[in-house]
Amino acid sequence: MRAANASLEVLHNGTVEVLGLLPYSSNYTMLARVGVGSDETLAVYKPCKGERPLWDFPRGTLAAREVAAYKISEAAGWGFVPPTVLRRDAPLGEGSLQLFIEHDPDRHYFALMEERLEDFPCVAAFDAVINNADRKSGHILEGAGGRLWAVDHGLSFHVAPKLRTVIWAFADEPFGDELRAQLERLGARLAHQGGLGGVLARLLSPREAAATLARVESLLIEDQFPSPGDDRPLPWPLI
């Protein structure tokens, strides 16, 4: 917890220096150095003005969706989205800053599922909650000590069903007691307008925040993982 809090402090208050573009991104995604005094860290910077226009997501909103995904992961107790903040004073204007995770790019979901599939039910539930329209295999990282991380959540929280993911291994399986308790805790926090529900309403929109709570409530009623629909259940490219 102390390490996460320290990272958030630096991301919130540090001086941001853009180091260069990161490859293989459809939007402008940059590696940045963020520092406060002698404390510094690397971060992924996604400026709003670098977002490619999309027909189904309002322009300039993807960075806030990255932050909202971090808030959801933390509220449920999953902790697999790296610390992420919204900065309005970054070099290229408002955008998200997310702690950069050192990782082996070959160790993505399709490789990891063969060894540790039991570690992914919470990620599958998270994607259903945030209505993730773009869970590629390469958006799962294995960091230091084998810790799993999930990144790239800009295409999330739409009010219309858009779940597209490579993690369908748990389709129609029951949640189990631990995951159900995490979803119940998350639902309670989303229902609190003075807390997480209000935070999401400001980061996203009141309608999108309400839809997020509705998805949690629906998942709890069904008490099982969703199954793939007929309309594009997979992202492209897969990795």
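A residue counts as buried under 20% relative accessible area, as exposed over 50%, and as partly exposed in between. The exercises below apply this and related ideas to a predicted model.

**Exercise 1. Classify Ala181 by its accessibility, and state where Ala181 lies.**

Solution. Step one is to place the residue: Ala181 belongs to helix 5, which covers residues 177-190. Step two is to take its relative accessibility, which is 36%. This value falls between the limits of 20% and 50%, so Ala181 is partly exposed. As a further step, Ala181 may be related to Ile239: the two are 58 residues apart in sequence, and their C-alpha atoms are 31 Å apart in space.

**Exercise 2. Determine which residues and elements line the largest pocket, and how its lining divides by class.**

Solution. Begin with the volume: the largest pocket holds about 1,500 Å³ of space. Next, consider the lining, which consists of 48 residues. Those nearest the centre of the largest pocket are Tyr24, Ser25, Asp134, His139 and Asp152. Then turn to the secondary structure: at least two lining residues come from each of strand 3 (39-47), helix 2 (62-76), strand 5 (95-99) and strand 6 (140-142). Finally, the classes are 24 nonpolar, 12 polar and 12 charged residues.

**Exercise 3. Describe the backbone and the exposure of Tyr24.**

Solution. First, locate the residue: Tyr24 sits in the loop between strand 1 (15-21) and strand 2 (30-36). Second, inspect the backbone: phi of Tyr24 is near 65°, a positive value in a residue that is not glycine. Most residues other than glycine have a negative phi. Third, assess the exposure: the relative accessible area of Tyr24 is 85%, and because this is over 50%, Tyr24 is exposed.

**Exercise 4. Examine the second largest pocket and name the helix that gives the most to its lining.**

Solution. The volume comes first: about 470 Å³ of space lies in the second largest pocket. Its lining has 23 residues, and Asn131, Pro161, Lys162, Leu163 and Pro226 are nearest the centre. The helix sought is helix 7 (residues 206-222), which contributes five residues to this lining. By class, the lining comprises 11 nonpolar, five polar and seven charged residues.

**Exercise 5. Find how many cavities of 30 Å³ or more the structure has, and characterise the lining of the largest cavity.**

Solution. Rolling a probe the size of a water molecule over the atoms shows where empty space is left. A search of the whole structure gives one cavity of 30 Å³ or more. The volume of the largest cavity is about 60 Å³. Its lining residues include Ala124, Ala128, Trp168, Phe170 and Phe225. Leu163 and Pro226 are also among them, and both lie among the residues nearest the centre of the second largest pocket. Nine residues of the cavity lining are nonpolar, one is polar and none is charged.

**Exercise 6. Establish how helix 2 is oriented relative to helix 6.**

Solution. The axes of helix 2 and helix 6 (residues 196-203) come within 9 Å and cross at roughly 165°. Since angles over 145 degrees count as roughly antiparallel, helix 2 is roughly antiparallel to helix 6. The handedness remains: the crossing of helix 2 past helix 6 is left-handed.

**Exercise 7. Identify what is notable in the backbone of the segment after helix 7.**

Solution. Arg232 lies in this segment and has a positive phi of about 50°, although Arg232 is not a glycine. Pro237 lies in this segment too. The peptide bond from Trp236 to Pro237 is cis, with omega near -5°. Most peptide bonds are trans.

How values were computed
Residues numbered from 1 in each chain as written. Predicted model: local features only at pLDDT ≥ 70, side-chain atom pairs only at ≥ 80, totals over all residues. Heavy atoms only, no water. 1 Å grid on protein atoms, 1.4 Å probe; cavity = no way out; pocket = protein on both sides within 12 Å on 5 of 7 lines; lining within 4 Å. Points joined across faces, edges and corners; volume = space filled by probe spheres on them. Helix = DSSP H or I, 4+ residues; strand = E, 2+ residues; numbered from the N terminus. Nonpolar A, V, L, I, M, F, W, Y, C, P; charged D, E, K, R; others polar. Buried < 20%, exposed > 50% of the residue type's maximum accessible area, 1.4 Å probe, protein only. Axes fitted to C-alpha atoms, helices over the stretch in contact; angles between N-to-C directions. Parallel < 35°, antiparallel > 145°, perpendicular 65-115°, else oblique. Left-handed = near helix turned anticlockwise from the far one by under 90°.
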